[in-house]
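Biologist: Please walk me through the sheet in this model, and then the charged pairs. Keep it simple, as I'm new to this.

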Amino acid sequence: VEVDLPKKSYSTELVGLEESKCIEKIARPHDGGFMKPHIFMLTIPQVDGGTNISIKLRWSQKLLYNDGQFTLTVPFSFPEYVTPAVRKISKKEKIQLNVNSGIVTGILCKATSHPLKETKRHADKFSFLYESEVLTWSKTDFSFSYSVSSSNMFGGVLSQSPPLYDHDQRDMFCLYLLPGSQKSTEVFKKEVVFVIDITDSMEGRPLEATKNAISSAMSKLGPEDSFNIITFSSETSLFSTSMELASKEAIERATTWLSTKSTVEGSTCISIPLEHAYEMLSNTSGSLPMIFLITDGAVEDERNICDQMKKRLKNSGSLCPRIHTFGIGSFCNHYFLRMLAMIGRGEFDAVCDLDLINNRIQKLFSNAFSTVLADITVDAFNDHEQIEVYSSCIPDLSFESPLTICGRYKGSFPDTLKAKGILGDLSSFVMDLKIVRAKDIPLDRVLARQEIDLLTAQAWLSENKQLEQKVAQLSKVTCNISEYTRMVLLEKNKIDKAIESSGAQKVCLSLIRNSIITVNLDSRKLGFSIQVKKTDPHKIKDPLAPRKTLLQSLSVGFGDLTATAKNIRPGFEQPKLPDAAEVFLKATSNCCGQMCNRCCCMCCIQCCSKMNDQCAIVLTQIFTALAFIGCIECCTLCCGQDGQ
C-alpha cells in the first residue's frame with residue numbers, strides 16, 4: 001500500500017522477525033490487518049478534511065479456473081456515498097488490462113464485465129483499455145475471462161533467470177498441466193474415507209457445514225465407488241467396519257448416521273483415525289483411494305504423523321491412498337495439514353471464515369473426484385541432481401483445476417521434458433513438455449506465494465532455520481506475507497517550505513563518538529545555540545528515517561495446542577472490531593444496521609438511510625473532497641438524533 005498526502009507519505013513493507021522486535025510503536029488490531037479474510041484495512045492517521053489523497057494498492061491473486069476458462073475478478077464496485085449526492089460531478093474511470101498467458105497459441109477472450117477495447121495483440125500477449133466519463137462510480141466488479149482452445153490435456157514449462165535482488169541465483173521454472181475442455185475424459189473409480197473431527201470446538205456451524213458437504217459429496221459418488229466415514233475426538237467411531245458400495249441405500253444410512261453425530265468433550269487425536277483410514281484403503285485395486293481429513297485443532301505428534309505416513313505411502317506402490325486435508329480456523333496447524341497433503345499427493349485448503357466452510361469443502365471434494373491423471377512423474381526431476389522441485393510428490397491433475405509445479409535449477413535445463421501418468425481407465429499416458437524462456441512474465445512474483453507456502457511447510461517439518469531465513473528473504477523481496485516476516489507502516493515527512501522559510505528549525509549535524517550535536521538555528525535572531533547530548537549509539541535514530549509502526553501479525557501461525565486442548569471454537573480468537581470497522585463491515589456485507597454513533601472515513605462507510613439531511617450533506621462534502629476513499633480513517637462525525 002502507498003498513500004501520498006501533501007505533507008506526508010505512507011507505505012507498507014515486510015521486515016524480518018528480529019528487526020520487528022526493535023520497532024517500538026505497535027498498531028492496535030483495528031489499525032491494520034484483515035477484518036475478514038477478503039477485507040484488508042489500513043488506518044492512516046491525521047488526515048484533514050478536503051485533502052487530496054493518492055492511493056496505490058498492489059496485490060497478487062490466483063486466477064479462477066472453470067470449464068477450461070481462466071477468470072480474473074477485481075473489486076470495482078463503489079458504494080452510493082462515494083458519489084456526491086448534492087450535485088453531479090463528472091469523473092473518469094479507467095482500466096488498463098495487460099495479459100501475458102505464457103501460452104503461445106489458442107487463447108480466446110470469452111467475457112468481460114466492462115466494454116474493453118483491444119489495443120494490442122501479439123502471440124501470447126494482449127492488452128485492453130476501458131476509459132469512460134461517468135457521473136457515478138462503477139457498481140460492478142471488474143471481471144475478465146479467457147480460455148485455451150484445446151480439448152485434450154496439454155502442458156509446458158516456463159523458465160527464467162532470477163532477478164538481481166534474488167538471493168537464490170539459480171534459474172527458476174514452472175511446469176504446468178491443463179486438463180483441457182473435453183469433459184468426456186474418464187475419471188477414476190474411487191474409494192473414499194471421510195475422517196471428521198467432532199471435538200467440542202466443532203459444535204455449531206463448523207460441524208453442520210461439514211456434515212452438509214459430506215452428504216452432498218456422497219450423493220455424487222457412482223455405484224462402482226465405495227466409501228466410509230470415521231469420526232474422532234479422543235475416541236474413534238466408524239460408520240461401517242468395512243468399505244461400503246455407494247448405493248442409494250448405503251448413502252441414506254450414512255447420511256442418517258452422520259446426522260446423529262454431535263460434538264463430544266475430549267482431546268483431539270488424529271493419528272489413530274488416520275491409521276484406520278489408511279488400513280481400509282491399503283488393499284485397493286483398480287481404483288483411486290482417497291482420505292479426506294477435516295479438523296479445527298492442532299496435535300502434539302504432527303511431525304510424527306507426517307513421518308509415519310511418508311514411510312507407509314513410500315512402500316504402497318502405484319495409486320496409493322491420496323490424503324486431502326481441510327483446516328477450519330487458525331487453531332489448527334495449516335502447515336501440518338499442507339505437508340500431510342503434499343506427502344499424500346493430495347490437496348490442502350483451509351478457511352477462517354465459517355460462512356465459507358461448506359463451499360470450500362465441496363470444492364475440495366469436487367477437485368479430488370474429478371481426477372483425470374494420477375501418479376504423475378517427470379523423469380528429469382529424478383535423474384537431474386541440479387533440479388530442485390518444491391513439491392516432494394507431484395499431486396494429481398483434476399479436470400476442475402490446472403496443476404503447477406515450481407522449482408529451481410542450476411546449469412543447463414533439458415530442451416524438453418516427458419510427463420508420465422496413469423489415466424482414469426488405468427492406461428499409461430506420456431506427454432512431451434516444451435521449455436519456453438519467459439521474458440516478460442515476472443515469474444518470481446507469480447510463483448512466490450506457492451514457493452513460500454511449500455517451503456514454510458518444509459521448514460516447519462524439518463525445523464530448518466536456513467529454510468526459514470530463505471522464506472523470510474523471499475517474503476520481503478516479493479511482498480508476500482509469511483510466518484517469518486511482519487508488515488510495518490512507514491511514515492515519511494515531506495519538506496514543508498512554509499515552515500522552512502518562516503524561522504526557527506532544528507538541524508541534526510553529525511555524530512561525534514557517542515554524542516549528537518544539535519544546532520538550533522533562528523534566522524530572526526541572527527544566532528544559534530549548540531546542544532551536545534550523550535546518547536547510546538544503539539538508540540540513535542536517523543531524524544530523516546521514516547517512522548515505523550508494526551502492524552498486527554497477518555499470518556496464520558502454526559496452530560494452537562492450548563486452544564485445541566480447551567476446545568475453543570474457531571472464530572473466538574478474532575478481536576472485536578471498533579465501531580468504525582463494524583460500520584464498514586456492514587457496508588461491505590450489504591447489511592445496514594441502526595443509526596451509527598459516529599461516521600469515520602475509513603475504507604468505506606455505511607450510514608443508515610434514516611440519517612438526517614444535515615449529516616448527509618456534511619458527509620457528501622467530505623467525500624467530494626477526497627480523490628479516492630480507501631483504507632483511511634480521517635475524521636469522526638457525530639450522527640445523533642438531534643441532528644448535531
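Modeller: Here's the sheet, followed by the salt bridges. A bit of housekeeping comes before that: this is a predicted model, where local features need pLDDT of at least 70 and side-chain atom pairs count only at pLDDT 80 or more, while totals for chains, interfaces and linings use all residues. Residues are numbered from 1 along each chain as its sequence is written, and side-chain values use heavy atoms, with hydrogens and water left out.

Okay, the sheet. It is an open one with eight strands, in the order β23-β25-β14-β13-β27-β26-β22-β24, and the pairing is mixed. At the edges sit β23 (387-389) and β24 (397-398), each pairing on one side only. Helices (H or I, at least four residues) and strands (E, at least two) are DSSP runs, numbered from the N terminus. Two strands pair if DSSP finds at least two bridges between them. In general, strands of a sheet pair through backbone hydrogen bonds, either parallel or antiparallel.

Zoom in on β26 (residues 416-423) and β27 (residues 428-437): they run antiparallel, with seven bridges joining them. For instance, I422 has S428 in β27 as its bridge partner.

There's a helix here too. Helix α9 (residues 443-462) lies across β13 (154-160), β14 (171-178) and β25 (403-409), at about 105° to β25. Contact here means heavy atoms within 4.5 Å; axes are lines fitted to C-alpha atoms, for helices over the stretch in contact, and angles run from 0 to 180 degrees between N-to-C directions.

Now the charged pairs. A salt bridge is a side-chain nitrogen of Lys or Arg within 4 Å of a carboxyl oxygen of Asp or Glu, and the count comes to 35. Take D168 and R170, whose closest N and O atoms are 2.9 Å apart. D168 counts as buried because its relative accessible area is 13%, and R170, at 23%, counts as partly exposed. The cut-offs are under 20% for buried, over 50% for exposed and partly exposed in between (1.4 Å probe, protein chains only).

Another salt bridge joins R547 to E491, with closest N and O atoms 3.8 Å apart. That pair links distant parts of the chain, 56 residues apart: R547 is in strand β32 (residues 547-550) and E491 in strand β28 (residues 485-493). R547 is partly exposed at 46%, whereas E491 is buried at 8%. Finally, salt bridges that share partners tie D166, D168, R170, E388, R408, E451 and K470 into one network.
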